[in-house]
Amino acid sequence: MNNNENLACRVCGLIQCEEPWGEDGKIPNYAICACCGTEFGYEDYTKESVLIQRKKWLDAGGGWWELKDKPNNWNINEQLKNIPIDYK
Ligand SMILES: [Zn+2]
């Protein structure tokens, strides 16, 4: 995995300040993704749960959990490209 993959939310691809699953991708930090609202370690525990959570998020409009953190030039399609390959 490259660094970006370690830093990206498995559900929505938002790059986080800290690796959601630690440097080795095994120990979640239980932070909340500002974009999709996923709690790392719960909804993103398996590929199956990631896909379910992503569908829920997209079906709800693909919005931001923390609206104040949403960049003005936010592009959902660009962000989705960051999703780690194992969770696409
Ligand atoms: Zn997310």
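## Lysine 81 and the C-terminal segment

Lysine 81 counts as exposed because its relative accessibility is 54%, and exposed here means over 50%. The model described in this report is a predicted one. Lysine 81 belongs to the segment that follows H3. Its C-alpha atom lies 20 Å from that of glutamate 23, and the two residues are 58 positions apart in sequence.

## Glutamine 79 in helix H3

Helix H3 spans residues 76-80, and glutamine 79 is placed in it. Glutamine 79 has a relative accessibility of 6%, so it counts as buried; the cut-off for that class is under 20%.

Beyond its neighbours within four places in sequence, glutamine 79 is in contact with three tryptophans, namely Trp57, Trp64 and Trp74. The other contacts of glutamine 79 on that basis are Cys12, Gly13, Leu14 and Cys35. One of these partners, Cys12, also supplies its SG atom to the zinc ion. Between glutamine 79 and alanine 34, which are 45 residues apart along the chain, the C-alpha separation is 13 Å.

## The zinc site

Four cysteine sulfurs coordinate the zinc ion: the SG atoms of Cys9, Cys12, Cys33 and Cys36, at 2.2 to 2.3 Å. Along the chain, these donors follow the spacing C-x2-C-x20-C-x2-C. Cysteine 9 and cysteine 33 link distant parts of the chain, being 24 residues apart, and each sits in the loop between helix H1 (3-7) and helix H2 (47-59). Both cysteine 9 and cysteine 33 are buried.

The arrangement is tetrahedral because the 4 donor atoms subtend angles of 103 to 114° around the zinc ion. The criterion for this class is that all angles lie between 85 and 135 degrees. For four tetrahedral donors, the ideal angle at a metal is 109.5 degrees.

## Leucine 7 in helix H1

Leucine 7 is part of helix H1. Not counting residues up to four places away in sequence, leucine 7 touches Leu14, Ile15, Gln16, Cys17, Glu18, Glu19 and Pro20. Leu14 is also among the contacts of glutamine 79.

The C-alpha atom of leucine 7 is separated by 11 Å from that of cysteine 33, one of the zinc donors. Along the chain, leucine 7 and cysteine 33 are 26 residues apart.

## Two residues in the loop between H1 and H2

Glycine 22 and tyrosine 30 both lie in the loop between H1 and H2. Glycine 22 has a relative accessible area of 18% and is therefore buried. Its C-alpha atom is 17 Å from that of isoleucine 85, at a sequence separation of 63 residues.

Tyrosine 30 is partly exposed, as its relative accessible area is 44%. The backbone of tyrosine 30 has a phi near 55°, which is a positive value in a residue other than glycine.

## Internal space

The structure contains 1 cavity of 30 Å³ or more. About 80 Å³ of space lies in the largest cavity. The lining of the largest cavity is made up of 11 residues, of which Glu5, Asn6, Ala8, Arg10 and Trp21 are the closest to its centre.

Sorted by class, 6 of the lining residues are nonpolar, 3 are polar and 2 are charged.

Notes: Residues numbered from 1 in each chain as written. Predicted model: local features only at pLDDT ≥ 70, side-chain atom pairs only at ≥ 80, totals over all residues. Heavy atoms only, no water. Donors = N, O, S within 2.8 Å, 3.2 Å for Na, K, Ca; no water. Tetrahedral: all angles 85-135°; square planar, octahedral: opposite > 155°, others 65-115°. Helix = DSSP H or I, 4+ residues; strand = E, 2+ residues; numbered from the N terminus. Buried < 20%, exposed > 50% of the residue type's maximum accessible area, 1.4 Å probe, protein only. 1 Å grid on protein atoms, 1.4 Å probe; cavity = no way out; pocket = protein on both sides within 12 Å on 5 of 7 lines; lining within 4 Å. Points joined across faces, edges and corners; volume = space filled by probe spheres on them. Nonpolar A, V, L, I, M, F, W, Y, C, P; charged D, E, K, R; others polar. Contact = heavy atoms within 4.5 Å.
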